[in-house]
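Here is a set of short exercises on a protein complex. Try each task first, then follow the solution step by step.

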Amino acid sequence: MTRVDVRKTYKLFIGGEFPRSESGHSYEVTDARGRFVANAALASRKDARDAVSAARKAFPGWSGRTAYNRGQVVYRIAEVMEDRRPQFVEALRQGEGRSAAAAGKELDASIDRLVWYAGWADKLTQVVGNANPVAGPFFNLSTPEPTGVVAVLAPQESSLLGLVSVLAPVIVSGNTVIVTASADRPLPAVTFAEVLATSDVPGGVVNILTGSLDRTAATLASHMDVNAIDLTGLAGDPDQATALEVEAAANLKRVRRAPVAEPDWGDDPGLDRMTAVLETKTVWHPIGV
Amino acid sequence: MVSTGSTSGANVFEYAPAPESRSIVDIKPSYGLFVNGEFVDGHGRSFKTISPSTEEVLADVAEADVGDVDLAVKAARRAHSRVWGRMPGKERAKYLFRIARIIQERGRELAVLESIDNGKPIKETRDVDVPIAAAHFFYYAGWADKLEYSGHGTESLGVAGQVIPWNFPLLMLSWKIAPALACGNTVVLKPAETTPLTALLFAEICQQADLPPGVVNIITGAGDTGRALVSHPDVDKVAFTGSTEVGRAIAKSVAGTDKRVTLELGGKAANIVFDDAPLDQAVEGIVNGIFFNQGHVCCAGSRLLVQESVADEVLARLKRRMATLRVGDPLDKNTDVGAINSAEQLAKIRELSAIGEQEGAERWSAPCELPDHGFWFAPTIFTGVTQAHRIAREEIFGPVLSVLTFRTPAEAIEKANNTPYGLSAGVWTDKGSRILKMANALRAGVVWANTFNKFDPTSPFGGYKESGYGREGGRHGLEGYLK
């Protein structure tokens, strides 16, 4: 008699825990050919608000870590991902319809991207900050700081490399984040959440919501305790992106606008995804005896 | 009008008036718009600019309507694509150096004109506004041919639409125009409707410098003109300094466009005094923090957080010092505190101060005689203020200080950050490690430790949270004007 397999329940990731949606709703996730794969949690507005609370609570601790420590924590994510290769490859084959080889390459690129960003943690300050030679007897230094709680609408197509490419640059500098996963391809994000939970990332630093953006995006865009929002997941949907940018003006969030089309995530990322969620703080002190 | 020395006590010096002559300025009866290198008529309803210290009408100023804004943007576009955007950086630099020099050469004239139109003391326009404005042009001139080393690229954005406030008219103009031009952009700038005169004099300076027509366009008007400018479809970049409310409206209006935006908005800065601070220096810092420029400063230290153990001592010294502030004629070289910029702003300051009393805070104003004409408000402090009071939460933008106390550094941090704003903060203590701890913990774009209200063209300025985004000044200030 063949063994009946044990299937996984795919849940949200909020505050380091895996709750179902408080709404009790779920939705069907299918593979690239439209066959049923699993039921995933359909995040609600309340889930989005809970995720913001968790991210805010985690912010002082995470931003207060040393840059060296944050770099190691992000690097550790890459290590644990490497450990879960078969699971990610399977998820990418199912969700994105890739061959095993292509899925493997996508995973390699995702892990490498994390490693690349991990190394930035303790270099960013030196590259984007500087001393200022003011015309007077003052010490004057400008340094970058994380902007706070950031909402990221992750790309819809690239469900792992895209996800990692928008998430890592936000957390590496000390921000905490609420990410909405690709609505149709959420499973790599849930598996990624399981990686986070078993690595050294403190609970609440990364919160992952699955489901339709219609339910969560407006809540995140208008939330008064979110400091910045990245609309990348709305690539090619200018109407919705504009509506959210208007909502985001309520508390003058930093907005990263949606591109016309999803970029090629294999390209050199550059600094701008990191600098978009940084503030510059300038400190003055008199020089004298 | 005569400067009124304080009449409060025996220890106060009396000063004879020392007025700066206004003969150096030549205010014309009426002003047009500066478009494509020439002064032209506006098609809106003209308005009057007055001296807030006397209510004297100074000039009739054109209002740019939608059509005028369009002409100005077209002139800027032409100048960008045909001349300025292609000019080698080293040549652009020389125009900016020229402008810096002319501002220095005509510094006295600019200072007097600014004091007349704005109401701020000549001491301040002469020593702060005008020299720092010139320094901004000098600083950014040098960047024009060095952009490849900036870390922000070398490509200009195009046409910048810039809207500036009335509190530092010429200085804010320089913060906006100098980096924009250095990066190869052209500019349409709208000064505030109550303080257009130095911007219009700056237009003459552009002519004297032989700046190519259309590189700088100055259009005057009020909110409608500003809205027409920032929403113009051919503007690539919007730079605004002003209220958070208007900043929010701008952020909404540019949604869905490709426009780049920098916003420098309101603030409610905490100025934190610890018990080990050198108290006399701290008191000077408190006074400078809130009474500099009549408190019309977005980064003003409008919330004094003083450690409980020295609160009585600090307040006693503060009141003593406030009693020596000379409030009066902006052109008198002795004057410390000038006129409130407009009747509208005065009404707002009075309203919030009345609310402060109604909500139970205790009001104390420096004993000083205020002139009969013009808009005046005596330097004022409120004690017994709690975080729930509106005067502790809302930007008053006037010479009104709300005093709160704290016991521990953690409480000071908590209270200082308990605001949707995050523009600036001050810390006064003799302990180095405490300064650095506080500087790290304060969520604000500028932290002044054992000093306050210091500005420099090399030093980035701008806020966290609802105080806006982007930085002006320094290498960071280039980012908002490059692709």
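**Exercise 1. The contact between the chains**

Find how many residues of chain B are in contact with chain A, and which elements of chain B supply them.

*Solution.* The model is a predicted one. Start with the count: 32 residues of chain B are in contact with 26 residues of chain A. Next, look for the elements on the side of chain B that touches chain A. Helix H8 (244-253), helix H14 (432-441), strand E17 (446-449) and strand E18 (468-469) of chain B each supply at least two residues. Last, sort the residues on this side of chain B by class: 14 are nonpolar, 10 polar and eight charged.

**Exercise 2. Strands that pair across the chains**

In which sense do strand E10 (residues 278-286) of chain A and E17(B) pair?

*Solution.* The two strands pair in the parallel sense, over three bridges. Now pick out one position. Thr282(A) stands opposite Val446(B), a residue of E17(B).

**Exercise 3. Two helices of chain B**

Classify the crossing of helix H9 (residues 279-291) and helix H10 (residues 308-322) of chain B.

*Solution.* First take the axes. They come within 10 Å and cross at roughly 60°. H9(B) is therefore oblique to H10(B). Then take the hand: H9(B) passes H10(B) in a right-handed crossing. Now list residues that make the contact. H9(B) contributes Leu279(B), Asp280(B) and Val283(B), among others. H10(B) contributes residues including Val310(B), Glu313(B) and Arg317(B). By class, this contact of H9(B) with H10(B) has nine nonpolar, no polar and four charged residues.

**Exercise 4. A sheet in chain A**

Give the strand order of the open sheet of five strands in chain A, and find its edges.

*Solution.* The order is E7-E6-E5-E8-E9, with parallel pairing. The edge strands are E7 (206-209) and E9 (254-256) of chain A, since each pairs on one side only. The twist averages 15° from one strand to the next. Zoom in on one pair: five bridges join E5 (residues 149-153) to E6 (residues 176-180) of chain A. Here Val149(A) stands opposite Thr176(A) in E6(A). Finally, add a helix. H8 (residues 213-222) of chain A packs on the sheet and touches E5, E6, E7 and E8 of chain A. Its direction makes about 150° with that of E6(A).

**Exercise 5. Confidence**

Where in chain B is the pLDDT below 50?

*Solution.* Begin with the whole chain: the mean pLDDT of chain B is 96, and 97% of its residues reach 70 or more. Then find the weak stretch: over residues 1-10 of chain B the pLDDT is below 50. Where pLDDT is low, the predicted coordinates should not be read in detail. For the complex, the predictor gives an ipTM of 0.96 and a pTM of 0.96.

Methods:
Residues numbered from 1 in each chain as written. Chains lettered and ligands numbered in written order. Predicted model: local features only at pLDDT ≥ 70, side-chain atom pairs only at ≥ 80, totals over all residues. Contact = placed C-beta atoms within 7 Å. Helix = DSSP H or I, 4+ residues; strand = E, 2+ residues; numbered from the N terminus. Nonpolar A, V, L, I, M, F, W, Y, C, P; charged D, E, K, R; others polar. Pairing = 2+ DSSP bridges. Axes fitted to C-alpha atoms, helices over the stretch in contact; angles between N-to-C directions. Parallel < 35°, antiparallel > 145°, perpendicular 65-115°, else oblique. Left-handed = near helix turned anticlockwise from the far one by under 90°. pLDDT = per-residue confidence, 0-100.
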